[in-house]
Amino acid sequence: MIYTRIVGSGSFLPRTVVSNNDLANDLLYRGIHTSDDWIVQRTGIKQRYLAESDIDTSYMAVESAKMALIDSGIDASDIDLIIVATSTPDCIFPSTACIVQSKLNAKHAAAFDLQAACSGFVYALSTADSFICSGKAKNVLIIGSEKFSRILDWNDRSTCVLFGDGAGAFVLTASSDYGILSSCISSDGSMSDILSVSGHFENGNINGYPFIKMDGQSVFKNAVRVLEESAREVCDKACVDIKDINWFIPHQANIRIIKMLGRRLGVEDDKLVITVDKHANTSSASIPLAFNVAKLDGRIKNGDLVLIQGVGGGFTWGSSLVRI
Ligand code: ACO
């Protein structure tokens, strides 16, 4: 039996921290009213990191990958595959993954981008698991990297306060002992309208709305529903009882989604890893960023059982149950 083990993790956050009060003051200049109270009560977000103009998605991806490679002890030249989950690639092509491959000098790696909005990282983890378990790859680097500030409409207070920038990475390798015990990914394209960036290039112009548009209440309701279903699905597949899971790392979009999910699954609050207060929603980067915080502060230890869950535009969602 071959398992996919997480042997290294890394993260990157831009230098600029913007508190809710800072953001509220900036937005006031545009005539947009919001407040720290409103943002904290509805979302749990207290601050976000925003990338400077010279920092792009590939830069953040490379920095997080370097840290994950050092943590794993695996050399970039031994990586067989690089998957970058992003909805904010540097350009249409080459893929951000190819730019990362070049910057890391990972000469033997195939590289591609994967787009599943905020579920991108769980999709990348599940895809990498399939490559490793089928014997098609031994060492895989997966990265979630986003410069979401590029696609925020700063005149839309219902979305611009929710997101931040950053990147996180895992190095995965084949193991005969343990690792990913089960995973699932799902989509429902009929809900594409509730969360989208519909703008696209056409003959040199941008057609459509090039910023995030969201029906917040539909996203909230459906996120809780599908995250609960997919948590139960991966636990059933692996014959694991939810109460035996040490750490829950759901996509960090909103504290109320995370807490409601925890209540539905019967999970104590202290098993939920929460970073949305500090990072805001960093889309495909949110899970590896949260994982790395809990690993570095000593909460996640070898042997722990961790549930990783993503949900986002598409509508897409997925989970992986991992023995660390
Ligand atoms: N500051 C102050 N007031 C605001 C703001 C703001 N930033 N944004 C909206 N409001 C106002 C609205 O205009 C509205 O005012 P009105 O009653 O006078 O019309 C009022 O607040 C309530 O607006 P709602 O949209 O009904 O607020 P709601 O309680 O639904 O909260 C929120 C909005 C936080 C987006 C919520 O729906 C939510 O958390 N949804 C989940 C979506 C999410 O987290 N998405 C992240 C991306 S998706 C993903 O990653 C899976």
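UniProt annotations may be inferred rather than shown by experiment, and feature names are shortened. With that in mind, the unreviewed UniProt entry places the feature "domain: Beta-ketoacyl-[acyl-carrier-protein] synthase III C-terminal" at residues 235-324. In the structure considered here, which is a predicted model, the span 235-324 is 33% helix and 22% strand, and its end C-alpha atoms lie 16 Å apart. The unreviewed entry also lists "domain: Beta-ketoacyl-[acyl-carrier-protein] synthase III N-terminal" at residues 112-189. That stretch, 112-189, is 23% helix and 40% strand, with 22 Å between its end C-alpha atoms.

The domain assignment gives another way to read the chain, with domain 1 covering residues 3-175 and domain 2 covering residues 180-323. The centres of the two domains, taken over C-alpha atoms, are separated by 14 Å. Domain 1 contributes 54 residues to the contact, and domain 2 contributes 46 residues. Between them, domain 1 and domain 2 bury about 3,800 Å², with 62% of this area on carbon and sulfur atoms. On the domain 1 side, the residues that lose the most area to domain 2 are Cys118, Val122 and Tyr123, which together account for 16% of what that side buries.

Within domain 1, a good place to begin is strand 7. Strand 7 spans residues 165-175, and ten of its eleven residues are buried. Strand 1 (residues 3-12) pairs with strand 7 in the antiparallel sense over nine bridges, and one of the matched pairs is Arg5 with Thr173. Strand 6 also runs antiparallel to strand 7, again joined by nine bridges; here Ile142 has Phe170 as its bridge partner.

Helix 4 (residues 96-104) offers a further view of buried positions. Its buried residues are Thr96, Ala97, Ile99, Val100, Gln101 and Leu104. The cover over these residues includes helix 3 (57-72), strand 4 (81-85), strand 5 (110-114) and strand 6 (139-147). After helix 4 comes Asn105, which has a positive phi, near 55°.

Turning to the sheet that contains strand 8, four strands in the order 8-15-14-13 form an open sheet with mixed pairing. Strand 8 (180-187) and strand 13 (247-250) each have a single partner strand and stand at the edges, so each has one side without a neighbour in the sheet. From one strand to the next, the twist averages 10°. Strand 14 (residues 305-312) and strand 15 (residues 316-323) are antiparallel and share eight bridges, with Val311 standing opposite Trp317 of strand 15. Helix 7 (residues 216-238) packs on this sheet and touches strand 8, strand 14 and strand 15, with its direction at about 145° to that of strand 8. Helix 5 (residues 120-133) likewise lies across strand 8, strand 14 and strand 15, running at about 125° to strand 8.

Finally, Leu195 gives a residue-level example. Leu195 belongs to strand 9 (residues 195-196). Its relative accessibility is 16%, and Leu195 therefore counts as buried, the cut-off being under 20%. Beyond its neighbours within four places in sequence, Leu195 is in contact with Ile212, Lys213, Met214, Val219, Gly312, Gly313 and Gly314. The C-alpha atoms of Leu195 and Asp215 are 6.5 Å apart, although 20 residues separate the two along the chain.

Methods. Residues are numbered from 1 along each chain as its sequence is written. This is a predicted model: local features need pLDDT of at least 70, side-chain atom pairs count only at pLDDT 80 or more; totals for chains, interfaces and linings use all residues. Side-chain values use heavy atoms; hydrogens and water are left out. Helices (H or I, at least four residues) and strands (E, at least two) are DSSP runs, numbered from the N terminus. Buried means under 20% relative accessible area, exposed over 50%, partly exposed in between (1.4 Å probe, protein chains only). Contact means heavy atoms within 4.5 Å. Two strands pair if DSSP finds at least two bridges between them. Axes are lines fitted to C-alpha atoms, for helices over the stretch in contact, and angles run from 0 to 180 degrees between N-to-C directions. Domain bounds come from an automatic or database domain assignment. Buried area is the accessible area (1.4 Å probe) that two parts lose on being put together, summed over both.
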